[in-house]
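Please open the structure in your viewer and keep the selection tool at hand. The tour below goes from stop to stop, saying what to select next and what is there.

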Amino acid sequence: MKSVILLLLITYSSAELDSDSDVMLELEHSFDHGDTWQTRGHVTWSSGRTSADQLTLGDHQKQALKTLCAEGGLYLLRSNVQQAGQAVGLMRSYTSACSLVSSGMVDTITLSLDHRSRVLGINLSAAAPSHSPGLRDTFKTKIVSSGVEPGPVPDTAAYIQRLEEEKRRQEKGDVPDNRSFLAKYWMY
């Protein structure tokens, strides 16, 4: 009886994650190669819709991003990911600081999802260069999901059927033995 209840709980728990559940990202960024992290804000994604509550950048953060761009450095982002009310884990990504500035502070976070729509990882990228590049007060974030595409499935039923037909023909003697002389009579 205990195993049935446990099985039902596991089934319920996994079914809860199968649906298009809300994904909440608590974002933090670093301008000093990951030595210190500062809160950037929260982004929620649900069924293709994004709602963002991001903090405005201070003057020292803008200057740090500008310096990072001048050095050719990387803008680091980490996120504490929650899905369906459960913590998924801490995930990190990065992009070029210069590409972020040239995009006008427009970035895209790609959620990599498995076949059950659970978050596997995040990827940060800057948008294409903007007509008005430069530093802004806030980030303009877009969330995109990328799911797993199923690969080709072998047609095993047709293959087995073809093998069985070939075996029946050989038993009846309809198919001649096309092996070479050595393959037929070589013993060692």
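**First stop: a salt bridge between two strands**

Select Asp-107 and Arg-40, which form a salt bridge whose closest N and O atoms are 2.6 Å apart; the term stands for a side-chain nitrogen of Lys or Arg within 4 Å of a carboxyl oxygen of Asp or Glu. The two residues link distant parts of the chain, since Asp-107 belongs to strand β6 (residues 106-113) and Arg-40 to strand β2 (residues 38-46), 67 residues apart. Helices (H or I, at least four residues) and strands (E, at least two) are DSSP runs, numbered from the N terminus. Asp-107 counts as buried because its relative accessibility is 0%, and Arg-40 counts as buried because its value is 1%. Here buried means under 20% relative accessible area, exposed means over 50%, and partly exposed lies in between, with a 1.4 Å probe and protein chains only. Side chains of opposite charge can pair when their charged atoms come close.

Before you go on, note that this is a predicted model, in which local features need pLDDT of at least 70 and side-chain atom pairs count only at pLDDT 80 or more, while totals for chains, interfaces and linings use all residues. Residues are numbered from 1 along each chain as its sequence is written, and side-chain values use heavy atoms, with hydrogens and water left out.

**The whole chain**

Now show the protein as a cartoon, where 5 helices and 8 strands can be found. Starting at the N terminus, the elements follow the order α-β-β-β-α-β-β-α-β-β-β-α-α. The protein has 188 residues, of which 28% count as buried.

**From Arg-40 to the aromatic rings**

Return to Arg-40 and add Phe-139 to the selection: Arg-40 lies over the face of this ring, at 3.9 Å from its centre. A charge is said to sit over a ring if NZ of Lys or CZ of Arg is within 6 Å of the ring centre and within 35 degrees of the ring normal. Phe-139 also forms one aromatic cluster with Phe-31 and Tyr-75.

How many aromatic pairs does the structure hold? There are 3 aromatic pairs, and one of them joins Phe-31 and Tyr-75, a tilted pair with 5.8 Å from centre to centre and 50 degrees between the planes. Rings of Phe, Tyr and Trp (its six-membered ring) pair if their centres lie within 6.5 Å, and planes under 30 degrees apart count as stacked, over 60 as edge-to-face and the rest as tilted. This pair, too, links distant parts of the chain, with Phe-31 in the loop between β1 (23-30) and β2, and Tyr-75 in strand β4 (residues 74-83), 44 residues apart. Phe-31 is buried because its relative accessible area is 11%, and Tyr-75 is buried because its value is 0%.

**The hairpin of β6 and β7**

Next, select β6 together with strand β7 (residues 119-126), which pair in the antiparallel sense over 7 bridges; two strands pair if DSSP finds at least two bridges between them. To see one bridge, pick Thr-110, whose partner in β7 is Asn-123. The two strands form a hairpin with 5 residues between them, and Ser-117 in the turn has a positive phi of about 65 degrees. Ser-117 is partly exposed, because its relative accessible area is 23%.

Add Arg-118 and Asp-114, whose side chains meet in a salt bridge (3.2 Å, N to O). Is Arg-118 buried or partly exposed? Arg-118 is partly exposed, with a relative accessible area of 29%, whereas Asp-114 is buried at 13%.

**Two helices**

Move to helix α4 (residues 156-172), where Glu-165 and Arg-169 are 4 residues apart and therefore separated by about one helical turn. Their side chains meet in a salt bridge (3.9 Å, N to O). Glu-165 is partly exposed at 33% relative accessible area, and Arg-169 is partly exposed at 39%.

Finish at helix α5 (residues 181-185), where Tyr-185 is found. Tyr-185 counts as exposed because its relative accessibility is 58%. Within helix α5, Phe-181 and Tyr-185 are 4 residues apart, so about one helical turn separates them, and both residues are exposed.
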